[in-house]
Amino acid sequence: MHRIAWKKVRRVLVVKLRSIGDTVLSTPSLIALKRFLPNAEIDILLEDWVAPLLDGFAGVNVMTVGPTFGDRMRTALELRRSHYDVAFNLHGGTTATFFTRASGAKHRVGYANYQYSFLYDHLLTSAADFWEAETVHSAEQQLALLGFTGVPVDYRPKTWLAVTESSKRAVDEKLESRIFDSSNLALLHPAAAFATKQWATENFAVVAEFLENKGFQIVAVAAKHEVHILDALKARSHVPITAFNDLSLPEITALAAKAKLFVGNDSGIAHIAAAVQTPSVVIFGSSNHNHWRPWTDAPNEIVYEEFPCQPCPGYTCEAFGEPKCILSVKSEAVFAAINRVLDVEKSGK
């Protein structure tokens, strides 16, 4: 491994493919790189559908790749022409490795456990080794790759997203047409990637009633294909709920920033809320709450029930046949977490 002559570095590539939460959790690394290299070009490669999430993220160029083989080849050629000095693979998948290598960067940084690790010339054994800690957050796992090469990361920046004027305006218009007063919103996200991470919709309906009694107006979001969850939420709750399943990612960001509280499952939307400093309560099931909890300075709580089989991949429940981890979370525990978060937020003002 050759030391990186950072004073000579002019262009850096960050490869971070995959989902909403993964993208949000890459922002601390982008912040650290921009602080360390204020005059360098910092590019991040994202999948095209999630790229709008970084709209307005100053000082970082967003590059995108589509889903087809042709898309990938065109992106690889574009990367090759960009003459990168350093490339970080924050993801680890084989496609991300392909792009890291295709960039032609002199210094290619990844983890020793990556498949095809021989294509890298800077390999870190593990984030736990770097931080000298037993548990490591996803944001810390990514920051460790930077710190390993000499980028200052000890201050561990938190996640951050910009709220663009256009998305803020669009959300305000949509709310004005459906809500009389949107000054005290609570945002719910009752959907999740897997059943092992999705708290029961009827429980969210009860949470909506709890929040309405505290003076909140309730807004819920989900994706287009999850409209049935929003319909069930409205049907089972005894309070009005304004639901959206057609917001863009920048609009969800703007809505989360406008909300006074977020309550939802462990998901990318929860990370969006954290990144705009919205107080939050996040409900966990099968996933690793130490690794995926909100990475924010805003008041936040996580709610979960401990099981010896946690964490697990989450596709199915191998231990019980049904996801007892998420099914065992009680509404009262969520209520208590909401009260604590609101108390902290109130005392901080």
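These are my notebook entries on helix packing, buried residues and backbone details in one structure. I worked from a predicted model throughout.

**Entry 1: helix α10**

I began with α10, residues 249–258. How many of the 10 residues are buried? I found 8 of them buried, so α10 is largely enclosed by the rest of the structure. I noted the names: L249, P250, E251, I252, T253, A254, L255 and A256. E251 caught my eye as a glutamate on that buried list.

Next I looked up what covers these buried residues. Among the helices, I listed α1 (20–24), α7 and α11 as part of the cover. The strands β7 (185–189), β8 (217–221) and β9 (241–244) also contribute.

**Entry 2: helix α11**

I moved on to α11, residues 268–275. Here 8 of 8 residues are buried. The run goes G268, I269, A270, H271, I272, A273, A274 and A275. I marked H271 as a histidine within that buried run.

I checked both ends of α11. At its start, a side-chain oxygen of S267 comes within 3.3 Å of the backbone nitrogen of I269. After α11 comes Q277, and I read a positive phi there, near 65°.

**Entry 3: α10 against α11**

I then took the two helices together. At what angle do the axes of α10 and α11 cross? I got roughly 55°, with the axes coming within 8 Å. Angles of 65 to 115 degrees would count as roughly perpendicular, and those under 35 as roughly parallel. The pair α10 and α11 is therefore oblique. The crossing of α10 past α11 is right-handed.

I listed the residues that meet. From α10 they are I252, T253 and A256. From α11 they are I269, I272 and A273. By class I have 5 nonpolar, 1 polar and no charged residues in this contact. I recalled that an α-helix has 3.6 residues a turn, so residues three or four places apart point the same way. I252 and A256 of α10 both sit in the contact. I269, I272 and A273 of α11 do too.

**Entry 4: α8 against α9**

I looked up a second helix pair, α8 (residues 201–213) and α9 (residues 227–236). Their axes come within 8 Å and cross at roughly 50°. I put α8 and α9 down as oblique to each other. α8 passes α9 in a right-handed crossing.

Which residues make the contact? On α8 I found T201, E202, F204, A205 and E209. On α9 I found I229, A232, L233 and R236. The tally for α8 with α9 is 5 nonpolar, 1 polar and 3 charged residues. I set this beside α10 with α11, where no charged residue takes part.

**Entry 5: T164 and S138**

I turned to two hydroxyl residues. T164 lies in the loop between α6 (138–148) and α7 (165–176). Is T164 buried or exposed? Its relative accessibility is 18%, and the cut-off for buried is under 20%. T164 therefore counts as buried.

I looked at what surrounds T164. Beyond neighbours within four places in sequence, T164 contacts D55 and G56. Its side chain makes a polar contact with the side chain of S167, at 2.7 Å. I also paired T164 with P250, which is 86 residues away along the chain. Their C-alpha atoms are 7.3 Å apart. P250 is one of the buried residues of α10.

S138 lies in α6. I read a relative accessible area of 4%, so S138 is buried. Setting aside neighbours within four places, S138 touches L25, H291 and W292.

**Entry 6: backbone details**

I finished with the backbone. R18 has a positive phi near 100° and is not a glycine. I located R18 in the loop between β1 (11–15) and α1. At 46% relative accessibility, R18 counts as partly exposed.

E132 also has a positive phi, about 55°, without being a glycine. I placed E132 in the loop between α5 (127–131) and α6. Its relative accessibility is 75%, so E132 counts as exposed.

Where does P311 lie? I found P311 in the loop between β12 (300–303) and α13 (324–327). The peptide bond from Q310 to P311 is cis, with omega near -10°.

Definitions and conventions. Residues are numbered from 1 along each chain as its sequence is written. This is a predicted model: local features need pLDDT of at least 70, side-chain atom pairs count only at pLDDT 80 or more; totals for chains, interfaces and linings use all residues. Side-chain values use heavy atoms; hydrogens and water are left out. Axes are lines fitted to C-alpha atoms, for helices over the stretch in contact, and angles run from 0 to 180 degrees between N-to-C directions. Helices (H or I, at least four residues) and strands (E, at least two) are DSSP runs, numbered from the N terminus. Angles under 35 degrees count as roughly parallel, over 145 as roughly antiparallel, 65 to 115 as roughly perpendicular and the rest as oblique. A crossing is left-handed if the near helix is turned anticlockwise from the far one by less than a right angle, and right-handed if clockwise. Contact means heavy atoms within 4.5 Å. Ala, Val, Leu, Ile, Met, Phe, Trp, Tyr, Cys and Pro count as nonpolar, Asp, Glu, Lys and Arg as charged, and the others, Gly among them, as polar. Buried means under 20% relative accessible area, exposed over 50%, partly exposed in between (1.4 Å probe, protein chains only). A polar contact is a pair of N or O atoms within 3.5 Å; within protein, one must be able to donate a hydrogen and the other to accept it, and residues adjacent in sequence count only if both atoms are side-chain atoms.
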